[in-house]
Amino acid sequence: MSLNDRSGIVSYGVYLPYHRLDRTAIRASLGQGGGKGTRTVASYDEDSTSMGVEAARRALWGAPAPESLYFATTAPAYADKTNATAIHAALGGSNEGFATDLGAAVRGASGALRAAAATAGMAVLSDIRTGRPGSVDEAAGGDGAAAFTFGSGDRVVAEIVAQSSVSAEFLDRWRVPGESYSRVWEERFGTQAYLPLITDAVTRALKEAQVDAPTHVIVSSPHARAARAAIGAFPKESRADGLENEVGFAGAAHAGLVLADVLDRAAAGDTILLVIAADGADATVLRVTEAITRRPTGDGVRDQLEVSGSVSYPDFLTWRGFLEREPPRRPDPERPAAPPAARSQRWKYAFEGSRCLSCSTVNVPPQRVCVHCGAVDRVEPVPLAATPASVATFTIDKLAFSLAPPVVDVVIDFDGGGRFSCQLADADPNAVAIGDRVEMTFRRFHTAGGVHNYFWKARPARKGH
């Protein structure tokens, strides 16, 4: 096969939230549940859409946004309304293109990956997982996002060699719309149902690929016991780390997180067997190419796991809506209005400022009239979402409305020009200092009247940024 005939993954990116819950804190509080290790926790101002934006930004590798985008999650921020369009807008491209959701099942991840591969588009997999307090789902779950862009030719870093699927209808795990946790059937039943399906899909995919012993094997499933049994059939050295001890099972995003972790360390010629077992089984065989040397370094799964902050169990329950605490004694936030949000889409979602063509001043937010020289309508757009900045000054507000007080407000100066005042996320208020390096991150400020107010905050720059 020539290089031009290759098709597969051309780039990828992941996002793991800053906060971690030590599982021992669950048992310490409730006397049950918990376990060893940690799980990732989306902050109070994050959801599946905002994390999807962060993963998608990292998956572009300097290329423009793809023409099609498929978003998979079991925890959509909206029903009826498409969530993928917010991710598409945040990537800063034009309105052209197709963006849609594939929810609200774990197998939506397979659907997003297949659709993106068929259209040379992007698959964004993002999820927030929880369960009843003290449950296995609560302790074993995890939050995060992964994104993959697909294409052909010499840019392909992981070529799709073979795919195989089987589907079956059986009741193993379910959640009625509106419920905040899933229900599960007896564990042995799920194991008996899944293993023959996984074996069938894997056998046919490996046969089609003419691969006897894949270098890396990934088995992702909401049924942990079935996943352990399936991957146990392969040699120990080929079994990928499922990230259970540091991340937990991240639902629709989990297979993507593990695949990205494998690609972060894979070498040309390696073969990867990716199995997603949810309401059936989907097996994909990938072959890593020489183009894998193009992958960026410094912001992979392991890099992000090194940067974290702990969250208390009561705060975790509050953020997930299981513990209703006394709110700040401030007026409730107002519902964002649709018309101004639509008019300022490039600013609100893509975080695009303007540069004066007369004096080169960068105006943030964008202005028709330059704040420095007064020139009118002599501007060009300036994308700032990926531009680093430094803290010029800051204040700590202990009275502002927030689920995680106090709020840190910073004034930041962007490299290349532009000053902006915003909130600082994922930071210790006692450690903030003038001159700190920061980067922008897409967050959900609040929800009022059923409307999510998405915008940008700063956060301490991570390693590799």
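The C-alpha centres of domain 1 and domain 2 are 30 Å apart in this predicted model. Domain 1 covers residues 7-320, and domain 2 covers residues 338-460. Their contact draws 25 residues from domain 1 and 25 residues from domain 2.

Now the area. The size of an interface is often quoted as the accessible area lost when the parts come together. Here the area buried between domain 1 and domain 2 is about 2000 Å². Carbon and sulfur atoms give 46% of that area. On the side of domain 1, which three residues supply more of the buried area than any other three? They are Tyr44, Asp45 and Tyr78, with 29% of what domain 1 buries against domain 2.

Next, the polar side of this interface. Between domain 1 and domain 2 there are 16 residue pairs in polar contact, counting pairs with both residues at pLDDT 80 or more. The count of salt bridges between domain 1 and domain 2 is 5. Asp45 comes up again here, since I named it for buried area: Asp45 forms a salt bridge with Lys457, and the closest N and O atoms are 2.8 Å apart.

As for secondary structure, three elements each give two or more residues to the side of domain 1 that touches domain 2. These are helix H2 (48-58), helix H3 (84-90) and helix H10 (313-319). H2 gives the most, with 6 residues. By residue class, that side of domain 1 divides into 10 nonpolar, 9 polar and 6 charged.

Staying with H2, but moving to another pairing. Side chains of opposite charge can pair when their charged atoms come close. For the model, the salt bridge count comes to 28. One of the salt bridges joins Arg58 and Asp299, with the closest N and O atoms 2.8 Å apart. Arg58 sits in helix H2, while Asp299 is in the loop between strand S13 (280-288) and helix H9 (301-305). The two residues are 241 residues apart, so to speak of distant parts of the chain is fair.

On to the annotation. An unreviewed UniProt entry lists residues 388-443 as "domain: ChsH2 C-terminal OB-fold". In the model, that span is 0% helix and 54% strand. The end C-alpha atoms of residues 388-443 lie 17 Å apart.

Last, the backbone. Most residues other than glycine have a negative phi, and most peptide bonds are trans. Where are the exceptions I want to show? A cis peptide bond joins Val364 and Pro365, with omega about 0 degrees. Pro365 is in the loop between strand S16 (362-363) and strand S17 (379-383). A cis peptide bond also joins Pro405 and Pro406, again with omega about 0 degrees. Pro406 falls in the loop between strand S18 (389-397) and strand S19 (407-414).

For phi, the residue to look at is Asp80. Its value is near 70 degrees, which is positive in a residue other than glycine. Asp80 belongs to the loop between strand S4 (68-73) and H3. H3 is also among the helices named for the side of domain 1 that touches domain 2.

Conventions. Residues numbered from 1 in each chain as written. Heavy atoms only, no water. Domains from an automatic or database assignment. Contact = heavy atoms within 4.5 Å. Buried area = accessible area lost by both parts, 1.4 Å probe. Salt bridge = Lys/Arg side-chain N within 4 Å of Asp/Glu carboxyl O. Polar contact = N/O pair within 3.5 Å; in protein donor to acceptor, adjacent residues only side chain to side chain. Helix = DSSP H or I, 4+ residues; strand = E, 2+ residues; numbered from the N terminus. Nonpolar A, V, L, I, M, F, W, Y, C, P; charged D, E, K, R; others polar. UniProt positions renumbered as here; feature names shortened; annotations may be inferred.
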